[in-house]
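Q: I have a model open and would like to go through it with you. Could we take the strands to begin with, and then the helices?

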Amino acid sequence: MKSFVLSDDQSLVPSIATFVHGLGEFDLYAPGPASPALIRCGASKVFTIKDPNMTDSIAELLASKMSSGEYQYGFIASTVNGRDVAGLLAYRANVGSVAEIGSLSLSGSTARTKRYFFGGKSILEEESSSRLFTVAPGIAEAKEIAAESPVEEASLSPSKITVLSSEEKKSGGVDIEKAQAIVSVGRGLGNKDKLSSIEPFANAINAVIAGSRPVCLDYHWLSEDRQVGLSGKKVRPKVYVALGISGQIQHIAGMRGSKIVIAINKDKSAPIFEECDYGIVGDMFEVLPKLVDQLKK
Ligand SMILES: Cc1cc2nc3c(=O)[nH]c(=O)nc-3n(C[C@H](O)[C@H](O)[C@H](O)COP(=O)(O)OP(=O)(O)OC[C@H]3O[C@@H](n4cnc5c(N)ncnc54)[C@H](O)[C@@H]3O)c2cc1C
């Protein structure tokens, strides 16, 4: 059995590749350059894609390889371009497709998938003969493989899509998905200036600062790429500290994979206390200096 993995975002490759590596042999399709994330992911071969916006050409190539039997299964990162390719490819190769899988087991030609809804509160388990899957971020803990894969450029036919313009999202220069420790702030912070009161604690535990959607998207106290949650980044740090975050399901969906969760909130009935390993009921601006003092000792 051989599969392909397609991701137009290099940072999503290690997790999906680790997951598919456990199922058998696979080739990887991703935009270059051939970074360690690509060449040490366990793929039999890495095919670099010049322009991930050529979704029609990519779908055509992979559909011909699925139809010829070269690939039995396809796993596509669930990004805007990835979902575009999945729809086209399912139609062209005439295969069933399941979107946003969180887990999969294969038995003969039966695929048993799990999908998570409402931030993981509801799980849909299905059996189908689907051979194509878009994959939710963080499906497996990424592992690097020592052996390097050979690399060549994917041979794509000309695309009928013309990109008229594109704009880079503003970035704070930090990749919160790779952080081992995260201090995440919510609306309880009050205002942007108070971020300076959080920094001594974040520095003391060597954490990066992230935030809830209001903090990143609505008030712009932090850049958008630091948003944790359903519509933000999915993080899995060793330690996640939630400060002044109520713990709505859309936020929990982004940090549920964290190993240890600590919450500080002045409302003892805040839902975050149902999700944390350690909780402190109190005002973060009173609690944090005491924690920093203890950490210094
Ligand atoms: C489609 C959709 C997608 C969404 N995606 C996301 C997402 O990706 N990420 C996300 O975060 N949200 C997301 N949301 C929004 C989500 O529903 C919540 O509105 C949001 O998470 C609330 O943010 P918050 O906890 O910072 O604010 P609030 O809910 O207002 O909570 C603030 C908390 O701070 C506490 N507090 C106040 N002052 C202090 C203090 N001094 N010390 C300690 N505690 C204090 C309060 O008790 C309160 O619990 C989404 C919503 C929708 C509809």
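Q: How many bridges join strand 13 to strand 14, and are the two parallel or antiparallel?
A: Strand 13 and strand 14 (residues 260-265) run parallel and are joined by 5 bridges. Strands pair here if DSSP finds at least two bridges between them. Helices (H or I, at least four residues) and strands (E, at least two) are DSSP runs, numbered from the N terminus. Please note that this is a predicted model: local features need pLDDT of at least 70, side-chain atom pairs count only at pLDDT 80 or more, and totals for chains, interfaces and linings use all residues. Residues are numbered from 1 along each chain as its sequence is written.

Q: Which residue of strand 14 stands opposite Val 241?
A: Ile 262 in strand 14 stands opposite Val 241.

Q: What unit do strand 13, helix 7 and strand 14 make?
A: Together with helix 7 (residues 249-255), the two strands make a right-handed β-α-β unit. A crossover is right-handed if, with the strands pointing away from the viewer, the path from the first strand over the helix to the second runs clockwise.

Q: Which strand is joined to strand 13 by another set of 5 bridges?
A: Strand 11 (residues 181-185) is joined to strand 13 by 5 bridges, and these strands run parallel. Ser 184 has Ala 242 of strand 13 as its bridge partner.

Q: Why is strand 13 called largely enclosed?
A: Strand 13 (residues 239-243) has 4 of its 5 residues buried, so the rest of the structure largely encloses it. A residue is buried if 20 or more other C-beta atoms lie within 10 Å of its own, exposed if 12 or fewer, and partly exposed in between, with C-beta atoms placed from the backbone.

Q: On to strand 1. How many of its residues are buried?
A: In strand 1, 4 of the 5 residues are buried, so this strand is largely enclosed by the rest of the structure. Strand 1 pairs with strand 2 (residues 25-31) in the parallel sense over 5 bridges, and Leu 6 stands opposite Tyr 29 in strand 2. Between these two strands the chain passes through helix 1 (residues 13-21), in a right-handed β-α-β crossover.

Q: Which strand is joined to strand 1 by 4 bridges?
A: That is strand 4, which runs parallel to strand 1. Phe 75 in strand 4 is the bridge partner of Val 5.

Q: Now helix 4. Why does its length agree with expectation?
A: Helix 4 (residues 80-93) has 14 residues, which should span 20 Å at 1.5 Å a residue, and its end C-alpha atoms are 20 Å apart. The expected span is 1.5 Å times one less than the number of residues.

Q: Which residues of helix 4 are buried?
A: The buried residues of helix 4 are Asn 81, Gly 82, Val 85, Ala 86, Leu 89, Ala 90 and Ala 93. Seen down the helix axis, they fall within an arc of 155°, so they line one face of helix 4. The arc is that of the directions from the helix axis to the C-beta atoms. On the other side, Val 80 and Tyr 91 are exposed.

Q: What covers that buried face?
A: The cover of the buried residues of helix 4 includes strand 1 (2-6), helix 3 (55-67), strand 4 (73-77), strand 5 (97-101) and strand 9 (132-135). Two residues are in contact if their C-beta atoms, placed from the backbone, lie within 7 Å.

Q: Which residues touch the most other members of the largest nonpolar core?
A: Among its 45 residues, these are Val 5, Leu 6, Ile 16, Leu 28, Leu 62, Leu 89 and Val 135. Helix 3 supplies the largest share of this core, 6 residues. Apart from it lies another core of 34 residues, including Ile 176 and Ala 242. A nonpolar core is a set of buried Ala, Val, Leu, Ile, Met, Phe, Trp, Tyr and Cys residues joined through C-beta atoms within 7 Å.

Q: Last topic, the backbone. Where is the cis peptide bond that involves Pro 33?
A: The bond from Gly 32 to Pro 33 is cis, with omega near 0°. Pro 33 is in the loop between strand 2 and helix 2 (36-39).

Q: And what is the phi of Glu 100?
A: Glu 100 has a positive phi, near 55°, although this residue is not a glycine. Glu 100 lies in strand 5 and is partly exposed, with 17 other C-beta atoms within 10 Å.
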